[in-house]
Amino acid sequence: MEEKMLTEQIRRAGIVGCGGAGFPTHKKICGRAEDFIVNGAECEPLLRTDRYIMAHCADRLIAAVEAIGDCLEAARLTIALKAEYVPQVQALEEAIARKNSRVRLHLLAGFYPAGDEHVLVHEVTGRTVPPGGLPLAVGAVVDNVATVLAVYDAMEGKPLTHKYLTVTGAVEHPVVMRVPVGTAFTECIRQAGGDPQRPAFVVAGGPMMGKSVGKQGLEKAVVTKTTSGILVLPADGPHAIREELSVEKILNRARSSCIQCSYCTQLCPRFLLGHPLQPHRIMRRMAMASLEELPDDKDILAAQLCCECGVCELYACPMGLSPRRINVLVKGELARRGIRGTFDLAEEEHPDRELRKVPVHRAAARAGVGAFMSLEPEGLVTYTPKQVEIPLKMHIGAPAQPVVAPGDRVEEGTLIARCPENALGAHIHASLSGIVTAVGERIVIESR
Ligand code: SF4
Ligand code: SF4
């Protein structure tokens, strides 16, 4: 009964995975699992969002971890974070002691990508998630820190309406902010002393896995339930130059310049776990033939195992090639054709895995953002805009269906769009009190 109550509270609050693709959380914790693991690795080099939450909301986190653990009937509750996050470790240890909690901390080394779900499960449990599988296949459920904090709010009856995020990079004073969902990126950048009018390359997320919002996209970009950071980079920096390369150019460069050194594979974290993903082979196949000729090739199918961490292209490749972007291209094409590979169970981890872990500061330096590594946001900026534009699809599954119309008055927390009956998805709530001024793919609310 208690467990059902928590999943219902989470469903009503519209919580989705805050740090990833936005999988609805009530669907994730509705079963049983041996291990519940909170991902506090925050492996993207420049982000400080999860670190802020762990340092300042430790008691709430521990309470929510206990509740989710009970719901899953989990034998072990673990928060995994890096040993170097000293204030966060201390805050969590003190909260655990205060509550006499059974939550334990697992301290990770400072490598990238420690927060990749498969890597994290392996680090904490010693078990390997099968290629293409979910952590539940080895009895684990993983949620990130911000999601767990949202669960605490749901337990208090509050829906997910606000997001913590880091705004950093080429701005005057990097900040950790708490803003309503639907706040414009440009306003967040201004709060960090950045000038959205100045040419820049803006990324939603961190420098390794974040997505470019594009030159035209910045004006329309808004904070969603999955936004954890906004990174402002120079318009002529390596990220911008790489992003400008067309698919055709990337493929041509792969054909002409890949020397088959296999460094991309040797350092690939999924390969090192024992998964049959070898990006150098994908590069070779794609250099020799077009994708149309290769849909059944087992090396090509293995692109579906790529987590897009970027180690291969931002760190490993000596020729400046883009195995990750080729994998993204291949994955997209296979998905379009409805082709899904089946993969052998993971073998043992690679014997040199420990030696080949990529130190975070070196990953940042090679990715061209080393100069921003020392930036430390101070305190928390809370900001309320005059208007929010809330997308109806911020999660995996069906878009939410509006239940408000232009002219309606809403209060912060009012349900404004509902997950369709029996569909995978999430409810959406007003993040600002005011008047609904438009309802389309986004619901616009003006504060009045
Ligand atoms: S690291 Fe670069 S050059 Fe070497 S095999 Fe991979 S893509 Fe080719
Ligand atoms: S992005 Fe590259 S290194 Fe990362 S999982 Fe994919 S192939 Fe491996």
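# Exercises on a predicted model

N100 lies in the loop between α5 (86-99) and β3 (104-108). The structure is a predicted model, and the exercises below are worked from it.

**Exercise 1. What is the sign of phi at N100, and is N100 buried or exposed?**

Solution.
- Step 1: Phi of N100 is positive, about 50°, although N100 is not a glycine.
- Step 2: Most residues other than glycine have a negative phi.
- Step 3: A residue counts as exposed when its relative accessible area is over 50%.
- Step 4: The relative accessible area of N100 is 70%, so N100 is exposed.

**Exercise 2. Where is N422 found, and is N422 buried or exposed?**

Solution.
- Step 1: The loop between β16 (415-418) and β17 (428-429) holds N422.
- Step 2: N422 is not a glycine, yet its phi is positive, near 60°.
- Step 3: With a relative accessible area of 79%, N422 is exposed.

**Exercise 3. Is the peptide bond from Y112 to P113 cis or trans?**

Solution.
- Step 1: Omega of the bond from Y112 to P113 is near 0°.
- Step 2: The bond is therefore cis, whereas most peptide bonds are trans.
- Step 3: P113 itself sits in the loop between β4 (111-112) and α6 (117-125).

**Exercise 4. How do the axes of helix α10 and helix α13 cross, and which residues make the contact?**

Solution.
- Step 1: Two packed helices are described by the angle between their axes and the distance between the axes.
- Step 2: For α10 (residues 247-257) and α13 (residues 279-288), the axes come within 9 Å and cross at roughly 100°.
- Step 3: Angles of 65 to 115 degrees count as roughly perpendicular, so α10 is roughly perpendicular to α13.
- Step 4: On the side of α10 the contact is made by L251, A254 and R255, and on the side of α13 by M283, M286 and A287.
- Step 5: Sorted by class, this contact has five nonpolar residues, no polar residues and one charged residue.

**Exercise 5. What span should helix α16 have, and which of its residues are buried?**

Solution.
- Step 1: Helix α16 (residues 323-336) has 14 residues.
- Step 2: The expected span is 1.5 Å times one less than the number of residues, so α16 should span 20 Å.
- Step 3: The end C-alpha atoms of α16 are 20 Å apart, which agrees.
- Step 4: The buried residues of α16 are P323, R324, I326, N327, V330, K331, E333 and L334.
- Step 5: Their cover includes α10, α11 (263-266), α13, α14 (298-301) and α15 (311-316).
- Step 6: After α16 comes G338, with a positive phi near 70°.

**Exercise 6. Which residues are around ligand 1, and which are the closest to ligand 2?**

Solution.
- Step 1: Around ligand 1 are C258, I259, Q260, C261, S262, C264, H280, M283, C317, P318, M319 and P323.
- Step 2: By class, the shell around ligand 1 has nine nonpolar, three polar and no charged residues.
- Step 3: Ligand 2 is surrounded by 13 residues, and the closest are C268, C306, C309, C312 and N327.
- Step 4: The elements giving two or more residues to the shell around ligand 2 are α15 and α16.
- Step 5: The shell around ligand 2 divides into nine nonpolar, two polar and two charged residues.
- Step 6: P323, one of the residues around ligand 1, is among the buried residues of α16, and so is N327, one of the closest to ligand 2.

**Exercise 7. Is A74 buried or exposed, and what is A74 in contact with?**

Solution.
- Step 1: A74 belongs to the loop between α4 (58-72) and β2 (76-82).
- Step 2: A residue is buried when its relative accessible area is under 20%; the value for A74 is 6%, so A74 is buried.
- Step 3: Leaving aside neighbours within four places in sequence, A74 is in contact with A33, E34, D35, F36, G69 and R102.
- Step 4: D35 is 39 residues from A74 along the chain, yet their C-alpha atoms are separated by 5.3 Å.

**Exercise 8. Does R356 count as buried or exposed, and what does R356 touch?**

Solution.
- Step 1: R356 is in the loop between α16 and β11 (358-359).
- Step 2: Its relative accessibility is 19%, and the limit for buried is under 20%, so R356 counts as buried.
- Step 3: Not counting residues up to four places away in sequence, R356 touches Q266, L267, F271, L272 and H350.

Note on methods. Residues numbered from 1 in each chain as written. Chains lettered and ligands numbered in written order. Predicted model: local features only at pLDDT ≥ 70, side-chain atom pairs only at ≥ 80, totals over all residues. Heavy atoms only, no water. Axes fitted to C-alpha atoms, helices over the stretch in contact; angles between N-to-C directions. Helix = DSSP H or I, 4+ residues; strand = E, 2+ residues; numbered from the N terminus. Parallel < 35°, antiparallel > 145°, perpendicular 65-115°, else oblique. Contact = heavy atoms within 4.5 Å. Nonpolar A, V, L, I, M, F, W, Y, C, P; charged D, E, K, R; others polar. Buried < 20%, exposed > 50% of the residue type's maximum accessible area, 1.4 Å probe, protein only. Near = heavy atom within 4 Å.
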